[in-house]
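This short report covers a hairpin, a helix and a single strand residue. Please look at the sequence and the structure first.

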Amino acid sequence: MMKIEQYCVGAVQTNCYFAVNDKTQEMLIIDPGDSASFLADKIRQEGLKPQAVLLTHGHFDHAMAAEELAGMFGIKIYAHEKEKDTLAQPKLNVSGMIGHGDVYHADVFVKDGEVLSLAGMEIKVLYTPGHTEGGCCYYIEKEKALFSGDTLFSQSVGRTDFPRGSMSDLVRSIKEKLLPLPDEVKVYPGHMGTTTIGMERMGNPFI
């Protein structure tokens, strides 16, 4: 069984998630946007064993603490292959919003439909551009859990007014990649509260 812990970090209240394998205490860190030392303390206090950092996209508020955490625990950072530019260019990762000119990186670039075997879990990569050029979601079918980053929110969708954002791409991504998932799949978004695919299919005004 998987246990999910949620920590709200950084200037714009981003959800960082720990996806923990209850049997082994191996875990994944999803979108560590800030507060690396705080998150590392939580990991150590609970005796967890990080296996990877998964980034849904490269904006500063999701990626800023990734490198520090990866270095602390000797693990790799994963992102979609089309997010290289966003990670590498401050103009695209919008770190200027907080007075930074940050460059981020990933060690492993994943493809749409790829299934990652990490921490004893099978995680499917769903490529969902729109909020950013290489945004993606991570779907753990066995646990009926979707980490949607800033693609899909409760009764809302991600912003598309940042560089290389596209509302038409975002809505298409949600309709083609996320809405076909079962109603009961729980959605863990990058901001605000959780929802389900069924609730969004019924009531999300953007789709």
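The model is predicted. Strands β1 and β2 form a hairpin, with four residues between the two strands. Gly-10 lies in the turn and has a positive phi of about 85°. The strands run antiparallel, and eight bridges join β1 (residues 2-9) to β2 (residues 14-21). Within this pairing, Lys-3 of β1 stands opposite Val-20 in β2.

Next comes helix α3, which spans residues 66-73. Which residues of α3 are buried? They are Ala-66, Leu-69 and Ala-70. Seen down the axis of α3, these buried residues fall within an arc of 100°, so they line one face of the helix. The general geometry fits: an α-helix has 3.6 residues a turn, so residues three or four places apart point the same way.

What covers the buried residues of α3? The cover includes two helices and three strands, among them the elements in this table.

| Element | Residues |
|---|---|
| β3 | 26-30 |
| α1 | 36-45 |
| β4 | 49-54 |
| α2 | 60-63 |
| β5 | 76-80 |

Gly-74 follows α3. The phi of Gly-74 is positive, near 65°.

The last site is Ser-148, found in strand β10 (residues 145-149). Is Ser-148 buried or exposed? Ser-148 is buried: its relative accessible area is 0%, and the cut-off for buried is under 20%. Which residues does Ser-148 touch, not counting those up to four places away in sequence? The contacts are Cys-137, Val-187, Tyr-188 and Pro-189.

Technical notes:
Residues numbered from 1 in each chain as written. Predicted model: local features only at pLDDT ≥ 70, side-chain atom pairs only at ≥ 80, totals over all residues. Heavy atoms only, no water. Pairing = 2+ DSSP bridges. Buried < 20%, exposed > 50% of the residue type's maximum accessible area, 1.4 Å probe, protein only. Arc of directions from axis to C-beta. Contact = heavy atoms within 4.5 Å.
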